[in-house]
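Open the model in your viewer and keep the selection tool at hand. We will walk through it stop by stop, and each stop tells you what to pick and what you will find there.

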Amino acid sequence: MPIDVYMTQLSPTMTEGKIVRWLKKEGEDLISGEVMAEVETDKATMEMEVVDEGVLHKIIEQEGAVVPVGAPIAVIAEDDEEIADDYMPEGGIDAPAEVLVAEAPDAEATTSLATPEQVVETLAVAQTATDADDDEYELHLKPAGVFNADGEYDVVVIGAGPGGYVAAIRAAQLGLKTACIESTHLGGICLNWGCIPTKALLRTAELINVIQHSGDELGLGISKTKPDLKKAVARSRKISAKLNGGIGFLFKKNKIEHIEGFASFESDNKLMVKDSDGNSKQVTAKHVIVATGARARAFPGMDVDEKVIITYKQALAPKALPKELVIIGSGAIGMEFAYFYNAMGANVTVIEAAPQILPLEDHEISKVVDRSFKKNGIKIITGAMVSSAKNVKGKAVVEYKVKDKAQTTTGDVCLVAVGVLGNTDGIGAENTQMKVERNTIEVDDYYRTDHAGVYAIGDVVGAPALAHVASHEGIVCIEAIHGGTPHPVDYGNVPGCTYCQPQVGSCGKTEQQCKDEGIDVKIGRMAYATNGKALGLAETEGMVKTIFNAETGELLGAHIVGAEATELIVTLQLARTFETTEAELMHHMFPHPTLSEMIHESVLDSEGKAIHI
């Protein structure tokens, strides 16, 4: 009788596999121990060996098919056995192959969207294949649907920030007719007024500090600088403009239509766009993605006038260097500007409500930055609740309390850096079924809202408000729209980066979070001070900290403060993605001399085996 072959669970967490290559063809003999097919899982490409000997009678799932564990993929016939042409295995998971096949996009092919029914059926298959006890792979989904079944575009993205433009490009790659609505600059806040220009300014600050602190030691013959604020700002603006044009090129390359204007929803599933002249037109689409980003937040009493009481946008393009700068908030934005303006010659005061600066980082990491900033002359006030920040006769006056004691500080300028607020106002959300609370749109694991065919990604769906998170969300959203079953974003392994010096890079849990959750941990540490590469770079400030589950060896958290921390953290973030254990990291060989060796030493230290401590 026929022998049915099913997708085998090749790893403990595997729920589905992609058939990369059949090594046996229909009609060929199968011998036990031979490799029958190569299967790609969420971990790696693995080999599926022959278990039952015979003749490969029929291949059910072709190369490129993504098949849930337990679904039939082939039929084996015993020698000289005749099997009906329409024979199909019984049992297993009845997976619709036409929905699950994930083929490479063909630029000349006409690609159609999966119907809502197909998407629901596909996701139901994935859900069935999921281990109910494994929350990591349990999808939480809202009903699928389309916004306008007769839409001119398959996908319209509102907003061209790092979430929006990436989503638009991925949609076009999958063969979907795509448009992106943007009223101002391609690239959004990140490229034009955030991530990119700040890094250009921070490079100037970094070189200033290297010369001032280590110029003589490095044999440069100089230890003083003459910072030119105007030139530094001009360079940062030039870089942003160049990258802005690059996104325009990518849109043209991928045949994405850029519609200039402000988009808003109206009743009866209408999406309207108003241009700079006030003219309105309707844009129709099967699917609409809201990626409108966020703006600077200001708490009551912080009277932002964009002259004396400012936000990051004015801080990026100052007309003059303030002699005294007060910064409210010590998250990444606040600390990066504190570092830059201090290097340029301003007297900087940072006020933070939490007990430590960089409140989301591990306490030991925060302490290193605190010491470094204070050593450079930056005044830091923690545990301070700001009650007001006002422009009083051209001066910034900030009132706050520390341990219920009212205090006041003044400056030429006050930068409000207390987070961001999602841009959900003015988009007509009230004319849809989207749920919006405190400028945050409620979505599911594939970024569907409660309005059929409308999705939201990036800062408008809440923290973490990071460019790389928005981009990742955009890709997951589009691939789900296209009919795939992408893995949801792992918000427990998002890399956090702060680009001041010393830099900070982190992922996973902090030591305090582990204590709060009652997890028994092993912690390893390694200082920059004794690392050969760090000494050669004259960058000996900082440490690597790794946190492992004491029972299982799982890497729970990784934290780095020091030179190139934002580059180094990727190694440990990948280790967490691959579920690498403490033992595996200890056995791994790191190159010498590199800063990465500190990762190895920190891991070894968790077991008391560090060599260079």
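Start by selecting K18 and V66: V66, in strand β7, is the bridge partner of K18. This is a predicted model, so take the whole tour as a reading of that prediction. Now widen the selection to strand β2 (residues 16-22) and strand β7 (residues 66-68), which run antiparallel and are joined by 3 bridges.

Next, add strand β4 (residues 35-40). It also runs antiparallel to β2, and 4 bridges join the two strands. Which residue of β4 stands opposite K18? Select E40 and you have the partner. With both neighbours displayed, K18 has V66 as its bridge partner in β7 and E40 opposite in β4.

Move on to strand β12 (residues 262-266) and show its side chains. They alternate: A263 and F265 point to one face and are buried, while F262, S264 and E266 point to the other face and are not buried. Then bring in strand β13 (residues 270-274), which pairs with β12 in the antiparallel sense over 5 bridges. To see one of these pairs, pick F262 together with K274, its bridge partner in β13. Before leaving, look at the turn of this hairpin, where 3 residues lie between the strands. Select D268 there and check its backbone: the phi angle is positive, near 65 degrees.

Our next stop is a helix end. Select Q173, which is in helix α3 (residues 164-173). Is Q173 buried or partly exposed? Its relative accessible area is 37%, so Q173 counts as partly exposed. Now add K255 and draw a C-alpha to C-alpha distance: the two residues are 82 apart in sequence and 9.5 Å apart in space.

Then jump to T498, in strand β29 (residues 496-498). Why does T498 count as buried? Its relative accessibility is 3%, and buried means under 20%. To see its surroundings, leave out residues up to four places away in sequence and select what T498 touches: A332, M335, E336, L358, Q503, V504 and T566.

Now select helix α15 (residues 597-605). This helix is mostly covered, with 8 of its 9 residues buried. The buried ones are E597, M598, I599, H600, E601, S602, V603 and L604. What covers them? Show β31 (521-527), β32 (543-549), α13 (565-577) and α14 (582-587), which are among the elements that cover the buried residues of α15.

Finally, zoom out to the whole chain, coloured by secondary structure: there are 15 helices and 33 strands. The radius of gyration is 28 Å, close to the 25 Å that the globule rule gives for 613 residues, so the chain is as compact as a globular protein of that length. Along its principal axes, the C-alpha trace spans about 95 × 70 × 45 Å.

While you have this view, try three more displays:

- Colour by burial: buried residues make up 50% of the 613 residues.
- Turn on the surface: the accessible surface comes to about 29,500 Å², and 50% of it belongs to carbon and sulfur atoms.
- Select the charged side chains: there are 54 positive and 91 negative ones, and the centres of the two sets lie 18 Å apart.

Key:
Residues numbered from 1 in each chain as written. Predicted model: local features only at pLDDT ≥ 70, side-chain atom pairs only at ≥ 80, totals over all residues. Heavy atoms only, no water. Buried < 20%, exposed > 50% of the residue type's maximum accessible area, 1.4 Å probe, protein only. Contact = heavy atoms within 4.5 Å. Pairing = 2+ DSSP bridges. Rg over C-alpha atoms; globule rule 2.2 N^0.38 Å. Areas by Shrake-Rupley, 256 points an atom, 1.4 Å probe, with all protein chains shown as cover. Lys, Arg positive; Asp, Glu negative; His and termini not counted. Charge placed at Lys NZ, Arg CZ, Asp CG, Glu CD.
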